[in-house]
Amino acid sequence: ALPNRLVAALVYDQLCSFEFGCAVEVFGLPRPELGEDWYRFVTCAAQPGPLRAIGGFTVAAQAGLDVLATAGTIVIPGWKGADAVPSKELIGALRNAYAAGARIVTICSGVFVLAASGLLDGQRVTTHWRYAEKLKALYPTLDVDPNVLYVDAGRILTSAGSAAGLDLCLHLVRRDFGAPIANQVARRLVIAPHRTGGQAQFIERPVLPERYGRLAALIGQLNARLHEPLTIDTMAQLAAMSPRTFIRRFQEATGK
């Protein structure tokens with residue numbers, strides 16, 4: 001079991017609703033079937049609500065920034081803008097929480113908050129591909145990888161945009177509770193149980209069913225079987241191709 005099961009999600013004005021929802025869906029839903037060791041969830045903010053969220057609704061956090069001092073995991077679900085400077089109070093609370101042993105997770109543009117704190121200096125991180133150049137320009141000491149879904153650096157974890165936040169949150173469940181529990185959560189979410197952090201954020205050339213036929217159908221099947229150890233020979237057989245033809249067609253279709 002985790003020594004500290006409290007997950008604190010940051011709420012702020014102009015809240016990124018989808019990214020916040022990722023944290024709520026994975027860490028905040030009651031899951032009595034998983035026992036008493038499951039996460040406890042709290043929202044916190046630097047200022048009292050109501051705070052505006054994208055989509056035309058408002059939210060009010062349960063706690064102030066002082067709760068970060070007691071959290072085992074802190075989630076920063078996006079940020080209001082790359083040029084929006086976090087308050088000194090928020091920076092200080094994050095630095096103190098990290099010094100006390102908390103791990104910090106950022107989704108999408110949430111990385112800009114952590115970068116402003118100095119906790120990312122010299123580290124490999126990621127963010128949404130649209131923000132990567134801006135992040136490099138503002139914080140040149142960072143090793144920004146714009147291609148991957150997420151980066152796990154131990155107690156600092158950063159993810160790309162939107163749905164990659166779900167991948168990172170599920171990765172954390174897998175770290176904390178093991179693959180069977182992570183797969184159970186993924187089933188409730190109706191998403192693939194495991195996309196590795198090094199997977200590409202997007203494919204420049206999408207698979208065209210009319211051109212690639214059997215390969216396009218195969219890739220559709222593979223999305224539901226990502227938890228299985230599938231070899232090139234196995235996939236080639238499923239696509240009714242020789243391994244050499246399969247590799248060539250796969251590279252043509254995906255750019256990989």
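Visitor: Which residues of α6 are exposed?

Guide: P180 and R187 are exposed, on the other side of α6 from its buried residues. The label takes a relative accessible area over 50%. One caution before we go on: this is a predicted model.

Visitor: Which residues of helix α6 are buried, then?

Guide: Helix α6 spans residues 179-189, and its buried residues are A182, V185, A186 and L189.

Visitor: How do you know on which side of α6 they lie?

Guide: Look at the arc. These buried residues cover only 100° around the axis, so they sit on the same side of α6. The general geometry helps here: an α-helix has 3.6 residues a turn, so residues three or four places apart point the same way.

Visitor: What covers the buried residues of α6?

Guide: The cover includes α1 (17-28) and α5 (163-177). After α6 comes V190, with a positive phi near 60°.

Visitor: Where is H171 found?

Guide: In helix α5.

Visitor: Why is H171 called buried?

Guide: Set the value against the cut-off. H171 has a relative accessible area of 15%. Buried means under 20%. So H171 is buried.

Visitor: What does H171 touch?

Guide: Leaving out residues up to four places away in sequence, H171 touches Y150, D152 and L157.

Visitor: What joins the side chains of H171 and D152?

Guide: A polar contact of 2.7 Å. The limit for such a pair of N or O atoms is 3.5 Å. The distance of 2.7 Å meets that limit.

Visitor: How far apart are H171 and P140?

Guide: In sequence, 31 residues. In space, 28 Å from C-alpha to C-alpha.

Visitor: How many disulfides does the structure hold?

Guide: Zero.

Visitor: How do you know that C22 is in no disulfide?

Guide: The nearest cysteine sulfur belongs to C169, and it is 6.3 Å away. A disulfide needs two cysteine sulfur atoms within 2.5 Å. The distance of 6.3 Å fails that test. C169 gives the matching result: its nearest cysteine sulfur is that of C22, 6.3 Å away.

Visitor: Are C22 and C169 buried or exposed?

Guide: Buried. C22 has a relative accessible area of 3%, and C169 has 1%. Both values are under the 20% cut-off, so both residues count as buried.

Visitor: Where is Q201?

Guide: Q201 lies in the loop between α6 and α7 (209-212).

Visitor: What makes Q201 buried?

Guide: Its relative accessible area is 18%. The cut-off is under 20%, so Q201 counts as buried. Among the residues that Q201 touches, not counting those up to four places away in sequence, are T126, H128, W129, P146 and L149. A polar atom of the Q201 side chain also lies 2.9 Å from the backbone oxygen of P146.

Visitor: Which residues touch the most other members of the largest nonpolar core?

Guide: L68, L94 and L135, in a core of 42 residues. The elements giving it two or more residues include β1 (6-10), β2 (40-44), α2 (88-99) and α4 (132-138). The largest share, five residues, comes from α3.

Visitor: What does L68 touch?

Guide: Not counting residues up to four places away in sequence, L68 touches A8, C44, I74, A93, L94 and A97. Another core, of 28 residues, lies apart from the largest one. Its members include W38, L149, A160 and L166.

Conventions:
Residues numbered from 1 in each chain as written. Predicted model: local features only at pLDDT ≥ 70, side-chain atom pairs only at ≥ 80, totals over all residues. Heavy atoms only, no water. Core = buried A, V, L, I, M, F, W, Y, C linked by side-chain atoms within 4.5 Å. Buried < 20%, exposed > 50% of the residue type's maximum accessible area, 1.4 Å probe, protein only. Helix = DSSP H or I, 4+ residues; strand = E, 2+ residues; numbered from the N terminus. Contact = heavy atoms within 4.5 Å. Arc of directions from axis to C-beta. Polar contact = N/O pair within 3.5 Å; in protein donor to acceptor, adjacent residues only side chain to side chain.
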